[in-house]
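Dear colleague,

I am handing over the structure that we discussed, with some notes on what was found in it. Please read the notes with the coordinates open beside them.

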Amino acid sequence: MGRDGYVPLFETKRAKGRIIYRFFSASIFVGIVLIWVYRASHIPSSRDDGRLGWIGMLGAELWFGLYWVLTQSQRWNRIYRYTFKDRLSQRYENELPGVDIFVCTADPIIEPPMVVINTVLSVMAYEYPSEKLSVYLSDDGGSDLTFYALLEASRFSKHWIPYCKKYKAEPRSPAAYFVSDPDQCDANHAKHLASIKKLYEDMERRIETAMKLGRISEEVKLEHKGFSQWDSYSSRRDHDTILQLLIDGRDPNSKDIKGCTLPTLVYLAREKRPQHHHNFKAGAMNALIRVSSEISNGPIILNVDCDMYSNNSDSIRDALCFFMDDEKGHEVAFVQFPQNFHNITKNDLYGSLLRVIGEVEFPGLDGHGGPFYIGTGCFHRRDTLCGRKFSSKARIEWKHKNDRKTAKIVDDLEESLKGLASCTYEKNTQWGNEMGLKYGCPVEDVITGLSIQCQGWKSVYFNPPRMGFLGIAATTLDQSLVQHKRWSEGDLQILLSKYSPAWYGLGRIHPGLLLGYLTYCLWAPNCLATLYYAIIPSLYLLRGMPLFPQVSCPWFLPFVYVVAVKYIYSFGEFLWSGGTALGWWNEQRIWLYKRTSSYLFAFVDTILRLLGFSDTGFIISAKVSEQEVSQRYEQEMMEFGSSSPMVTILSSLAMLNLFCFVGLVKKVVMTQVGIRVYETMALQILLCGVLVAINLPLYNAIFLRKDNGKMPSSVTFKSVSFALFACTCFTYLY
Ligand SMILES: O=c1ccn([C@@H]2O[C@H](COP(=O)(O)OP(=O)(O)O[C@H]3O[C@H](CO)[C@@H](O)[C@H](O)[C@H]3O)[C@@H](O)[C@H]2O)c(=O)[nH]1
Ligand SMILES: [Mn+2]
């Protein structure tokens with residue numbers, strides 16, 4: 001116990017070995033500087049061949065080096081958080097604040113209602129007083145199928161919540177719970193389990209039947225008056241606000257089968273009109289903030305994507321340990337949990353888990369004032385989300401925060417609140433700007449978090465041993481690349497926006513955090529240096545022209561040191577973060593693929609947007625895939641199968657490197673220059689060789705595979721032609 005009886009509700013520990021790390025990092029930096037010196041002092045004179053290529057290498061290495069410096073900010077001061085939930089209960093059990101949970105969905109086909117309601121049920125069943133819990137589903141798809149599923153879920157919750165609380169079930173998404181093979185239980189429990197499973201399966205069957213039919217049958221429509229709101233509905237882009245309080249927690253009649261209060265459950269499809277921009281998820285969240293403020297007005301808001309179910313029924317209490325801490329709680333604006341996924345395979349083929357970000361880099365950001373807001377698995381204080389500035393004096397009185405708005409008749413309430421979710425409500429207001437989530441950026445989350453931090457608030461990264469939330473990761477290469485394009489494009493837009501960390505953040509956030517933001521904002525421009533490094537040295541190799549120092553030259557050492565040590569460290573870091581060796585190798589591949597395709601497209605699109613040629617969109621990530629595709633995913637076979645321009649670029653690069661490598665081997669075999677080539681171009685051979693090795697799955701997909709995930713022949717044709725063309729031009733014409 002500290003002074004004045006202060007008992008901290010959480011503890012922060014610094015990572016061990018920071019000093020050693022800093023020395024190590026400095027030694028790499030010396031290596032990088034030596035590389036720069038070598039490049040700058042050995043530029044071929046203008047008469048020599050290769051001057052341009054050399055200067056390009058200098059540019060690329062300057063970029064890589066400076067970017068590496070940025071990434072150090074995230075390793076400089078890592079911290080880890082631990083909570084004391086028992087102390088929270090002892091002190092505050094009767095004053096726990098209301099928590100409003102926002103779940104966003106946008107399309108019943110891409111995001112199946114069964115996925116959505118599993119998430120909803122998991123958050124309704126938190127280990128938290130139900131009367132203080134309200135769950136809001138925002139449906140940008142405006143789908144009566146999703147509404148129907150939610151109606152079914154509201155009935156099922158009456159059985160599910162008491163079941164979870166009685167048996168301390170984990171996780172509380174029914175689908176995940178049933179496949180998790182619930183621990184051996186006594187006969188009574190087993191009986192109960194079987195009966196609840198049957199209820200769930202019956203519900204699932206009814207929902208699937210409606211999904212197959214593609215509409216709600218007349219019979220079902222009679223079950224709830226809410227369906228009548230679809231009478232005036234013309235399409236998902238053109239409809240009135242639809243608002244339904246499916247469970248009103250204040251209603252004495254809404255009880256579960258044990259007679260306990262149920263959490264409030266609300267369905268909202270905000271108004272949509274074709275002539276109004278709806279601002280994607282940010283618009284949905286802002287509508288939810290307003291509507292919920294008139295229903296439950298919980299001072300804490302949890303936001304999850306519709307596929308991110310709660311995997312840990314204590315997460316609310318964990319988050320409250322930060323918000324309610326007497327000494328530090330008043331500084332905390334949001335508590336971010338990592339994004340984890342339940343469908344990651346052992347070696348994480350597409351690097352979806354972003355393992356090192358979650359285990360190393362975010363704790364590093366936390367050491368500088370807090371992680372970014374990443375859109376899901378994040379607890380916010382309502383007032384900061386609504387734009388309140390930080391003041392060191394203002395403390396929250398949680399007790400007074402618990403007053404709920406006076407009860408109104410549900411029908412009247414629904415009608416009176418619809419205006420809050422209308423298309424015109426935000427006109428001439430600060431919503432989307434000073435209030436709520438920010439508009440105009442495909443990563444509304446990151447830019448919103450940044451602006452909150454710029455107002456003086458801190459955030460907290462919390463990564464408990466039992467993961468807080470689990471979602472669905474991309475299962476095809478194309479999906480993963482498209483998602484990263486959206487992210488990197490959004491991050492680059494932040495750099496160019498009013499809230500740019502580079503100027504707006506300067507002086508407002510910790511310099512380390514600023515560098516951390518820059519690392520992400522500069523994802524997209526990475527494409528240039530990476531493309532250069534993946535193409536030019538290989539082409540020079542084909543022509544027999546060295547771009548790196550010879551093995552016997554002292555300048556060879558800094559290159560070897562930086563490359564070897566950097567990669568050995570990265571390998572160690574990946575294993576330490578819980579990955580496998582093959583997982584690391586996969587990560588290197590996806591690193592290359594993202595940088596040469598997603599980032600390139602994001603970069604080009606951002607420039608086009610600046611010039612006024614394109615508009616930002618939001619391609620929703622798929623949450624279901626065909627059985628065949630998921631089988632290949634389970635077997636960790638890369639899914640090419642789509643002839644998108646991104647895949648074409650990857651395949652062209654892979655072919656180009658293959659041709660260069662084969663050309664080299666041919667030369668060595670036919671002319672017996674082997675040893676000499678090795679002596680003069682060892683690093684270039686290594687680079688090209690690694691590029692070929694990392695692309696093995698791609699060659700396999702072109703030349704050997706027969707399944708539908710193989711490379712489409714049109715892509716093969718285009719990429720082979722391109723690579724041949726590039727190699728020929730470079731060898732004979734340049
Ligand atoms: O017009 C829209 C578009 C999307 N969404 C919802 O936004 C969420 C995220 O969309 P998803 O396609 O799954 O994108 P991800 O890339 O997986 O999402 C990450 O990145 C997004 C920003 O690009 C954030 O909004 C997310 O919270 C974050 O998890 C989903 O629940 C969607 O239903 C809407 O509500 N309305
Ligand atoms: Mn998602």
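Helix 9 (residues 280-295) has 16 residues and reaches 23 Å from its first C-alpha to its last, close to the 22 Å expected at 1.5 Å a residue, where the expected span is 1.5 Å times one less than the number of residues. Here helices (H or I, at least four residues) and strands (E, at least two) are DSSP runs, numbered from the N terminus. This is a predicted model, in which local features need pLDDT of at least 70 and side-chain atom pairs count only at pLDDT 80 or more, while totals for chains, interfaces and linings use all residues. Residues are numbered from 1 along each chain as its sequence is written, and chains are lettered from A and ligands numbered from 1 in the order in which they are written.

Helix 9 is mostly covered, with 13 of its 16 residues buried; a residue is buried if 20 or more other C-beta atoms lie within 10 Å of its own, exposed if 12 or fewer, and partly exposed in between, with C-beta atoms placed from the backbone. Just after helix 9, Asn297 takes a positive phi of about 55°.

The sheet that helix 9 lies across is open and has eight strands in the order 5-6-4-3-7-11-9-12, with mixed pairing; two strands pair if DSSP finds at least two bridges between them. Strand 5 and strand 12 (458-461) stand at the edges, each with a single partner strand, so one side of each is left without a neighbour in the sheet. The twist averages 20° from one strand to the next. Angles run from 0 to 180 degrees between N-to-C directions, and axes are lines fitted to C-alpha atoms, for helices over the stretch in contact.

Helix 5 (residues 144-167) packs on this sheet, touching strand 3, strand 4, strand 5 and strand 6, and its direction makes about 15° with that of strand 5; two residues are in contact if their C-beta atoms, placed from the backbone, lie within 7 Å. Helix 9 lies across strand 3, strand 4, strand 5, strand 6 and strand 7 (300-305), running at about 145° to strand 4.

Within the sheet, seven of the seven residues of strand 3 (residues 99-105) are buried, so strand 3 is largely enclosed by the rest of the structure. Both of its faces are covered, with Val99, Ile101, Val103 and Thr105 buried on one side and Asp100, Phe102 and Cys104 buried on the other. Strand 3 pairs with strand 4 (residues 133-139) in the parallel sense over seven bridges, in which Val99 has Leu133 as its bridge partner and Cys104 has Ser138. Strand 5 (residues 242-247), six of whose six residues are buried, runs antiparallel to strand 6 (residues 264-269) and is joined to it by five bridges, with Ile247 opposite Leu265.

Elsewhere, the axes of helix 21 (residues 645-671) and helix 23 (residues 696-704) come within 10 Å and cross at roughly 95°, which makes the two helices roughly perpendicular, a term that covers 65 to 115 degrees. Leu650, Ser651, Ala654 and Leu658 of helix 21 make the contact with Leu698, Tyr699 and Ile702 of helix 23.

Finally, Glu415 belongs to helix 13 (residues 410-418) and is partly exposed, with 13 other C-beta atoms within 10 Å.

With best regards

Key:
Angles under 35 degrees count as roughly parallel, over 145 as roughly antiparallel, 65 to 115 as roughly perpendicular and the rest as oblique.
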